[in-house]
Amino acid sequence: MHNRNEILCIAMVGLPARGKSTLAQKLQEGLTADGVQAAIFNNGDLRRALDRDDTAAPNFYNPENQGAVEVREKLAALNIQHAREFVSAGIPFIFDPGQGLPMFDGDELMKFIEQATWLTVNDYEWQLIQE
């Protein structure tokens, strides 16, 4: 039996232009058609809205690129706020920093991890987090 009060959070990560957004839209359409309220939070859309430059380029994560540093700091703050809203609403969520790991400083990263219900990382990301 399906309980309509249950909350499901699906997180998708991967390389750019691999179909994540398209799949998310199809999932939303299918769930909505079945009467399930669904919303998409696309971090890439937020990142592109904050900076029209190529935020997938390596220079976006260059610590000497002051303009990109400012965008990353704002993006990190917005993501942390979004996580707080999930926590306040009692919505469990998965934090998968993936390629966005360099976006967060140590304190921001720990705040995000503390708020998350689950953390998913690969071996390399786990080593960075431990440092």
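The following exchange examines two surface patches and one buried residue of a predicted model.

Student: What conventions govern the numbering and the values?
Tutor: Residues are numbered from 1 along each chain as its sequence is written. In this predicted model, local features need pLDDT of at least 70 and side-chain atom pairs count only at pLDDT 80 or more, whereas totals for chains, interfaces and linings use all residues; side-chain values use heavy atoms, with hydrogens and water left out.

Student: Is V69 buried or exposed?
Tutor: V69 is found in helix α3, helices being DSSP runs of H or I with at least four residues, numbered from the N terminus. Buried means under 20% relative accessible area, exposed over 50%, and partly exposed in between (1.4 Å probe, protein chains only). Because its relative accessible area is 12%, V69 is buried.

Student: Which residues is V69 in contact with, leaving aside its neighbours within four places in sequence?
Tutor: Contact means heavy atoms within 4.5 Å. With those neighbours left aside, the residues in contact with V69 are N62 and P63.

Student: What separates the C-alpha atoms of V69 and M103?
Tutor: V69 and M103 lie 34 residues apart along the chain. Their C-alpha atoms are nevertheless separated by 8.3 Å.

Student: What is the relative accessible area of E73?
Tutor: Helix α3, residues 66–88, contains E73. E73 is partly exposed, and its relative accessible area is 47%.

Student: At what relative accessibility does L23 count as partly exposed?
Tutor: L23 is found in helix α1, which covers residues 20–33. The value for L23 is 44%.

Note on methods: Helices (H or I, at least four residues) and strands (E, at least two) are DSSP runs, numbered from the N terminus.
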